Structure formats: structure tokens, C-alpha cells
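I opened this entry to keep track of what I looked up, place by place. My notes follow in the order I made them.

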Amino acid sequence: MSGSTKSSSSLPRAIILAAGVGRRLGNEAPKVLLEFEGKTLLERHLAALHANGIGDIAVTVGHRGDLIHAELSRLGALGRVALVENPRYREGSVVSLAVQRPRLTAGRPVLLMDGDVLYDSRMIACLLQAAPENVLLFDQVIEPGDEPVKICLRGEVIVDFAKLPEHTHDRHGESVGFFRFSASMATALAERATAYVEGGRASAEYEAAIRDLILAHPDRFGHEDISHLPWTEIDFESDVARARTEILPRLQEVAYA
């Protein structure tokens, strides 16, 4: 989407969640600093966003935020990417969302993204160009078990969004962990995440706050099918291996400048 005629103020701002410890991988560094063919996931995020015209980017940091700071310095991006600290990063990821309240409530659409995903940059274009007011990326090919967060549909309406869905549905797919929210829904999301933290539910994952809004306003949410594009979330060593052997060869590469 580079070369777009949209003004920077009409484009969404991006929030990348990268504060977690990543215990299941056993790495000292944050997962967003995992390297694939010489590029960290963070560098790849920045390249994909810039290729699609998104320059207003903030990263929630916690565990070893100094290493993320160093990587941004290496990339020459310190002045262009805001770092927002989550000192309670060992709690649920809803805290990492809540600390981004000033950006979520600033009257702009928002892209919210998990940091631990290797993906094709065309996914960002799909997210930006999708018709619904608020969009979740949907992959029909889903790993078995309770680990994937599921987007559950009845017809074309999202009726649940959880690892363990409670509502009956016709079909489901896996959530990529990438979302686009309108300005008003981003504000509602900030309020919901803050309510979780201040209400003693800081152990919750951020998806719980999104689920609450979907269940309250199903007519305002939609999904975009990206099953044709390569991506993987990285939680385990097996995910790293799959990323290197199956996903990397299929990516449309873009450079960060």
C-alpha cells in the first residue's frame, strides 16, 4: 500500500505486543527478536507496516525491553517507534494492552498485533482493505487442540472468540492475532482492558477483552480470510522449525528502510 493517497492521519496506528517472557521457548531474549534469515521478527513487522503505509508504531515492552531498544537502535528506528513499558509483564497480556490506553483512545483507528508471528506482509494489506468496521484475520486451517485462539462463526457472524469457545457455531478458524479497530472500538477496548486490570483480573489474556466487545456488538465485527497466505505464531521450538522450513520460503519479502 505504499504510494497510497491516504493521509497519515487517516491511516491506523499500529500497536505490537512484545512484553512477554516466552517461557515455552526458553529464550532469554523476547520472541520478537527471533531471527529468520538474518532479520528479527521486529524488523519484519516494521518492514511490513511501512510497506503498507503505516508509520505510527508503538511496541509494548516488558521482559528485556533493553534488547528491543537495542534492536530499534540498530535499525535506526528509535525515533520512529515508540516503546511503552509494561512493568507488570509477568501478568496477563491484558496488562500489555491496557498500558497502551493513550494510543487506543486518541481518536484514530488501530492495528493491534501479536509480536511473535512470522507472516507475509500482504496480511497487513488484507487487514487495511477489509470491509468490516472492525476486523479479525481468519485462517480456515487450524491446529488441533486448545492452544489456538478460535474465531467461531454462525453463518458469517462471529459468535465466539476463545481458545475454548462456549457458544454454538457452524465453523471456526484460527486467529492470527492481528486486528483492526475503528477509533470508537479502540477506545472501548482500552476501557475494557483497563477494567480487567483495575478489577483484579490482570491475569487475563487480551483476547478476553476483545471477546467481550464482540459478544456485545456482533454487528460491528467481521473477519477477513487469509488462509491463502503463509504465517505462523511462534510458541514452541517446533514452531521455529516450521517457520524456517515451511513459512520462510513462501514469504513475499519487503525491506525496512
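I started with C152 and asked whether it is buried or exposed. C152 has a relative accessible area of 0%, so it counts as buried, the limit being under 20%. The model is a predicted one, which I keep in mind for every entry here.

I placed C152 in strand 9, residues 150-154. I then listed its contacts, leaving aside neighbours within four places in sequence: V157, I158, V159, D160, P165, H169, R171 and H172. I also checked C152 against E166: they are 14 residues apart in sequence, and their C-alpha atoms are 9.8 Å apart in space.

**Entry: the cores**

Which residues touch the most other members of the largest nonpolar core? I found F36, L46, L49, L118, Y119 and I234 in that role, in a core of 49 residues. Helix 1, residues 41-51, gives this core its largest share, six residues. I noted a second, separate core of 33 residues, which includes V149, I158, F161 and V197. As background, nonpolar side chains tend to be buried together in soluble globular proteins.

I looked up L49 on its own. Apart from neighbours within four places in sequence, L49 is in contact with A14, I16, I54, I57, L111, M113 and I124.

**Entry: helix 5**

I124 led me to helix 5, residues 122-129, where I counted burial. Six of the eight residues of helix 5 are buried, so the rest of the structure largely encloses it. The buried ones are M123, I124, A125, C126, L127 and L128.

**Entry: helix 1 against helix 2**

I asked at what angle the axes of helix 1 and helix 2 cross. The angle is roughly 50°, and the axes come within 10 Å. That makes the two helices oblique to each other, because the angle is neither under 35 degrees nor in the range 65 to 115. I recorded the crossing of helix 1 and helix 2 as right-handed.

On the side of helix 1 the contact is made by L42, E43 and L46, and on the side of helix 2 by I68, E71, L72 and R74. I sorted the residues of this contact by class and got four nonpolar, three charged and no polar.

**Entry: helix 6 against helix 7**

I repeated the check on helix 6, residues 183-198, and helix 7, residues 206-216. Their axes are 9 Å apart, and the packing angle is about 125°. Helix 6 is therefore oblique to helix 7. The crossing of helix 6 and helix 7 is right-handed.

From helix 6 I listed M185, A188, L189, R192, A193 and Y196, which meet A208, A209, I210, D212 and L213 of helix 7. By class, the contact of helix 6 with helix 7 comes to nine nonpolar residues, two charged and no polar.

**Entry: positive phi**

Most residues other than glycine have a negative phi. I looked up two that do not follow this.

E37 is not a glycine, yet its phi is positive, about 50°. E37 sits in the loop between strand 2 (35-36) and strand 3 (39-40). At 61% relative accessibility, E37 counts as exposed, because the limit for that is over 50%.

R64 has a positive phi of about 50° and is not a glycine either. I found R64 in the loop between strand 4 (57-61) and helix 2 (65-74). The relative accessible area of R64 is 28%, so I entered R64 as partly exposed.

**Entry: L248 and N86**

Where is L248? L248 is in the segment after helix 8 (237-247). L248 is buried, at a relative accessible area of 6%. Not counting residues up to four places away in sequence, L248 touches F36, E37, R44, L118, A243 and E253. I checked F36 further: L248 and F36 are 212 residues apart along the chain, and their C-alpha atoms are separated by 7.7 Å.

My last lookup was N86, in the loop between strand 5 (81-85) and helix 3 (93-98). N86 is buried, with a relative accessible area of 1%. Not counting residues up to four places away in sequence, N86 touches A19, T60, V61, G62, V95, S96 and V99.

Technical notes. Residues numbered from 1 in each chain as written. Predicted model: local features only at pLDDT ≥ 70, side-chain atom pairs only at ≥ 80, totals over all residues. Heavy atoms only, no water. Helix = DSSP H or I, 4+ residues; strand = E, 2+ residues; numbered from the N terminus. Buried < 20%, exposed > 50% of the residue type's maximum accessible area, 1.4 Å probe, protein only. Contact = heavy atoms within 4.5 Å. Core = buried A, V, L, I, M, F, W, Y, C linked by side-chain atoms within 4.5 Å. Axes fitted to C-alpha atoms, helices over the stretch in contact; angles between N-to-C directions. Parallel < 35°, antiparallel > 145°, perpendicular 65-115°, else oblique. Left-handed = near helix turned anticlockwise from the far one by under 90°. Nonpolar A, V, L, I, M, F, W, Y, C, P; charged D, E, K, R; others polar.
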